[in-house]
Amino acid sequence: MTDDLASQGPFPLSRDDLLKAYRIMRTIREFEERLHIDFAKGDIPGFVHLYAGEEASAAGIMMHLKDSDRIASTHRGHGHCIAKGVDVHEMMAEIYGRSTGACRGKGGSMHIADLSKGMMGANGILGAGAPLACGAALAAKVRGDGGVGISFVGDGASNQGTFLESLNLAAVWNLPAIFVVENNGYAESTSRNWAVAVDSYIDRASGFGLPGVTVDGTDFFAVYEAAGEIIRRAREGGGPALLECNMVRFFGHFEGDAQTYRAKGEVEAIRASRDCIRMFAERVIEAGVVSRAELEAIDKEATELIEDAVRSAKAAPLPGPADLLTDVYVSY
Amino acid sequence: MQNERIKPIVMPKWGLSMSEGKITGWLKQPGSTIAVGDDLLEVETDKITNVVEAGEAGTLRRVLAEPGNVYPVKALIAVLADPDVPETEVDAFVAGYAVPKGDDGAEAEAAPRYLFTETPAGTLRYAKRGDGGPTVLLVHGFGGDLDNWLFTIDALAEGATVYALDLPGHGQSTKAVADPTLAGLSAALRGFMDTVGIGPAHLVGHSMGGAVSMRTALDAPDRVASLSLIASAGLGPEINHAYIQGFIAATGRRDLKPVLETLFADPGLVSRQMTEDVLKYKRLDGVDGALRALSAALFDGGAQAGVLHGAVAAAGKPTLVVWGGQDRIIPAAHATALGSNARAEVIPNAGHMVQMEAAGTVNALLKEHIGVR
Amino acid sequence: MARKISMKQAINEALDLEMTRDPSVVVMGEDIVGGTGSPGEDDAWGGVLGVTKGLYAKHGDRLMDTPLSESAYVGAAIGAATCGLRPVAELMFIDFMGVCFDQIFNQAAKFRYMFGGKAETPVVIRAMVGAGFRAAAQHSQMLTPVFTHIPGVKVVCPSNAYDAKGLLIQSIRDNDPVIFCEHKNLYGLECDVPAESYAIPFGEANVLRDGGDVTIVSYGLTVHRAMEAAEALARDRVEAEVVDLRTLSPIDWDTIIDSVERTGRLVVVDEAHPRCSIASDVAAFVGQNAFGALKAGVQMVTAPHVPVPFSPVLEDLYIPNAPSIAEAARRTLSPTGTSPRSIAA
């Protein structure tokens with residue numbers, strides 16, 4: 001959270017917040033890169049969907065939120081979790097299916113949640129988070145606490161009825177709801193350009209009577225400024241909005257995806273030209289607000305944090321047989 | 001058709017809500033000679049099973065109602081007649097018998113089963129039966145309500161003006177119990193008497209209601225004509241704390257039924273409907289809190305907080321004490337706590353709900369003590 | 001103070017009392033206010049059958065009409081429940097669950113388990129169930145077994161106004177998701193209902209009639225058919241014990257088993273289709289846990305394995321009736337205790 005008085009140089013964020021945003025993005029990247037390696041080694045059960053390359057979206061939006069603001073995430077939710085403040089050790093333990101995990105080993109990668117941090121859950125059902133975020137926004141509106149509910153969908157789930165119904169409901173009820181379309185160009189393997197019949201999500205938003213904004217989702221500052229305006233407006237009773245972040249996915253749909261549907265050299269090219277973290281670092285260093293050494297120190301801390309998270313996750317106890325039957329009902 | 005020598009036996013009406021009863025069995029065979037007060041048959045209502053006693057003497061000439069069948073209140077179920085009345089006359093009586101109408105319907109119109117009144121202690125429900133004669137006020141016990149007087153109220157109302165109320169926290173009265181002590185309940189009782197306009201009354205109290213009646217006799221002696229204490233609290237420290245705790249804790253039929261069974265010498269009297277009625281009461285918002293407050297104030301740690309027999313003995317009110325010999329809630333030994341200052345009667349084969357389980361005997365004692373003719 | 005009111009009034013009263021008691025209770029659904037944004041009256045309908053009539057005048061914006069958009073508003077109710085509200089969403093006809101089922105069974109039902117016990121979702125989804133309304137195949141189903149199958153939701157189906165009020169109040173106060181099934185043909189049925197608030201705990205079946213010869217288990221509308229059958233059987237000196245389950249998840253196995261252990265005979269009546277139904281569930285449970293007590297094969301009386309038909313003559317055949325229940329009870333009393341293969345199979 002930043003106000004203009006505390007902003008630094010050409011940026012609308014304080015130096016501390018710039019460092020915080022960098023730390024979030026760096027932590028996400030380290031988390032995902034490490035999962036990519038460990039998954040290939042066969043250490044991790046199930047399957048994981050990695051957020052690497054998309055960090056500027058999570059960080060740029062979540063920098064505006066408090067714990068009491070709610071987000072409903074997607075199957076590709078690790079980045080949203082970290083940016084919303086979910087404990088990295090608990091996340092890693094969850095992905096390893098340990099009893100110390102964020103969900104005691106019962107949810108896994110696709111269901112990490114921490115309601116105390118306003119993280120309503122990653123979601124294995126695409127588009128399902130949009131109505132839930134409307135509910136969070138409704139709760140905030142009924143209480144009048146100025147909170148917001150934010151739904152993330154990919155370009156794929158933006159075609160789901162739940163998402164489209166939610167745009168209408170939020171507009172009709174004038175909810176403090178924000179719909180973020182993280183457009184990485186692919187619905188699993190299917191091209192967004194083929195599967196979404198409109199060229200711009202602004203058109204889709206206006207079709208439901210709410211404003212839409214499109215930004216370069218690899219540009220942290222573009223996301224941060226657009227999200228800030230939309231969130232402020234929602235908090236003040238101005239109603240819902242849609243934010244499209246055009247971004248890139250460094251890995252496949254899930255780990256193990258050979259990505260044969262992508263162009264040859266595509267991934268190498270986007271890593272070279274559209275790495276949101278590198279672009280962020282260059283801009284803040286160039287502006288003289290933050291030194292390279294400071295960022296390298298954060299890099300090192302992020303690496304150590306993830307290493308420690310993996311080490312402790314592997315050492316953590318597995319759930320016991322009794323855990324199979326608990327946590328179904330509050331009371332039954 | 002009028003025939004003074006032939007007397008109908010009809011399905012009785014017990015309490016305020018009974019509309020029909022099921023014959024569970026005849027205790028006398030056709031041809032038997034019947035004396036007043038003899039046990040004739042057992043009838044099961046949706047509340048409880050009870051024995052029908054003979055109100056008149058004669059020979060049981062016809063048994064018309066079959067066990068297992070359900071008959072409406074006032075339906076002809078048997079015929080008494082002197083032995084020398086010809087069979088043809090008895091048959092003619094049966095054939096021509098008409099269930100009396102009119103008075104019952106008019107009574108139902110004129111006197112609603114339950115009344116409500118706004119008192120300083122909140123809204124209280126009560127019933128009023130009968131007119132003239134002495135004024136009687138029936139006070140139920142912990143967790144009870146005015147329907148605990150199912151078999152009492154109409155019997156007394158034959159010669160008295162009888163009121164029965166639901167204390168605060170009970171029945172359909174307000175569930176707020178501002179002061180859960182005996183003094184507080186007594187104040188609520190007096191507030192009720194003021195509001196309804198009840199002058200000095202013969203107080204009949206069951207269990208906790210007995211202690212409330214005693215407290216009232218001490219705090220406002222001019223309001224109390226006499227005391228009838230039935231399985232009463234306030235006559236000694238002992239009380240079955242497991243019952244109190246079990247009654248409070250039970251949330252379902254399966255928990256509650258065994259608790260209610262301790263109230264009776266014959267646990268078979270606890271019907272499904274009786275259990276369900278108590279559950280319906282216990283489910284109401286505020287009841288749990290009221291019962292817990294009363295229990296904490298009156299029976300904390302398993303001992304009665306208000307033991308009043310010394311003071312009551314000194315107060316000199318005419319007092320009747322009635323107990324069931326098999327009372328498992330408050331020991332029957334308390335019956336003699338008032339010594340020579342009261343008439344004490346212990347009815348052997350009855351439990352804590354002695355006024356239900358031995359209704360005929362208890363009603364006779366009450367009528368005699370109060371002077372109901 | 002008890003007075004006679006209808007099940008429809010009892011449900012209205014439960015909503016009113018809970019909205020008054022707890023400001024976090026909100027009610028939403030299609031036409032539950034009725035007429036929002038239209039040129040006529042503000043609360044024109046109060047629900048498609050008038051169940052929520054009058055609540056808008058008392059509670060204002062805490063009653064929300066929704067667009068025709070079940071996924072969005074049922075999901076919003078569920079999301080809001082995880083954020084501290086106690087929403088009651090009306091799904092009008094339970095048949096409409098097809099368009100919002102994901103929000104119920106993948107979201108609400110699973111949050112608590114999936115999130116390691118760290119979520120509470122105190123949402124109530126009210127919906128009309130059952131046939132007999134001449135409303136045909138997409139507005140008449142008894143889909144209780146579908147929800148009962150799913151861990152994480154509770155399923156309630158009252159048979160009378162007293163139970164409806166107490167069970168709905170419990171549903172609203174309950175901290176788990178509840179599917180509250182209202183049989184539309186019971187809406188007008190009156191019984192004694194206290195004016196005060198009260199909650200009936202889940203998992204406590206009601207025994208409506210004592211009997212030692214055969215146990216008849218049912219829920220919802222067919223409880224009344226079972227009672228009619230029991231009266232008919234009583235005329236032949238067969239005493240049936242009638243158990244009204246009230247809640248299907250949780251279910252009161254103890255009361256069923258206790259009764260069967262006394263009677264040795266069981267008829268299960270279910271307005272749902274026979275396969276994977278409440279009837280087959282109860283039959284299987286008793287077969288597994290009280291086989292020694294059974295003197296005859298368990299009889300199921302259900303709707304047939306067909307959609308609900310429209311034509312009144314066909315729909316009347318579809319709904320389990322008292323004669324078929326009594327006949328099933330008599331089969332358990334026949335020497336062989338078996339039944340001919342029915343269209344159910």
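Visitor: I'll take two residues to be in contact if their C-beta atoms, placed from the backbone, lie within 7 Å. On that rule, how many residues of chain A are in contact with chain C?

Guide: 37 residues of chain A are in contact with 36 residues of chain C. Keep in mind that this is a predicted model, where local features need pLDDT of at least 70 and side-chain atom pairs count only at pLDDT 80 or more, while totals for chains, interfaces and linings use all residues. Residues are numbered from 1 along each chain as its sequence is written, and chains are lettered from A, with ligands numbered from 1, in the order in which they are written.

Visitor: Thanks! Which elements supply the side of chain A that touches chain C?

Guide: Strand E1 (70-72), helix H5 (129-143) and helix H6 (161-172) of chain A each give at least two residues. Helices (H or I, at least four residues) and strands (E, at least two) are DSSP runs, numbered from the N terminus. H5(A) has the largest share, with 9 residues.

Visitor: And what is that side like by class?

Guide: On chain A it has 22 nonpolar, 10 polar and 5 charged residues. Nonpolar covers Ala, Val, Leu, Ile, Met, Phe, Trp, Tyr, Cys and Pro, charged covers Asp, Glu, Lys and Arg, and the others, Gly among them, are polar.

Visitor: OK, where does chain B come in? How many of its residues are in contact with chain C?

Guide: 10 residues of chain B meet 13 residues of chain C. Helix H7 (253-261) and helix H8 (272-283) of chain B each supply at least two residues to that side of chain B, which divides into 2 nonpolar, 3 polar and 5 charged. Of the 2 pairs of chains in contact, chains A and C share the most contacts.

Visitor: How far apart are the nearest C-alpha atoms of chain A and chain B?

Guide: They are 14 Å apart, and chain A and chain B do not touch.

Visitor: Back to H7(B). Which of its residues are buried?

Guide: Leu256(B), Val259(B) and Leu260(B). Buried means that 20 or more other C-beta atoms lie within 10 Å of the residue's own, exposed means 12 or fewer, and partly exposed is in between, with C-beta atoms placed from the backbone.

Visitor: Why do they line one face of the helix?

Guide: Seen down the axis of H7(B), the buried residues fall within an arc of 95 degrees, so they line one face. The arc is that of the directions from the helix axis to the C-beta atoms. An α-helix has 3.6 residues a turn, so residues three or four places apart point the same way. The buried residues of H7(B) pack against helix H6 (241-249) and H8 of chain B.

Visitor: Nice. What about Ser207(B), buried or exposed?

Guide: Ser207(B) is buried, with 27 other C-beta atoms within 10 Å. Its phi is positive, about 55 degrees, although it is not a glycine. Ser207(B) lies in the loop between strand E13 (201-206) and helix H5 (208-219) of chain B.

Visitor: And Arg237(C), buried or exposed?

Guide: Arg237(C) is exposed, with 8 other C-beta atoms within 10 Å. Its phi is near 65 degrees, a positive value in a residue other than glycine. Arg237(C) sits in the loop between helix H8 (222-235) and strand E11 (240-244) of chain C.

Visitor: While we're in chain C, which peptide bond is cis?

Guide: The one from Ser249(C) to Pro250(C), with omega near 0 degrees. Pro250(C) is in the loop between strand E12 (247-249) and helix H9 (253-263) of chain C.

Visitor: New topic: what domains does chain C have?

Guide: Domain 1 (2-194) and domain 2 (206-333), with bounds from an automatic or database domain assignment. Their centres, taken over C-alpha atoms, are 27 Å apart. The contact takes 25 residues from domain 1 of chain C and 23 residues from domain 2 of chain C.

Visitor: Which elements give two or more residues to the side of domain 1 that touches domain 2 of chain C?

Guide: Helix H6 (144-148), strand E6 (154-156) and helix H7 (161-173) of chain C. That side of domain 1 has 13 nonpolar, 9 polar and 3 charged residues.
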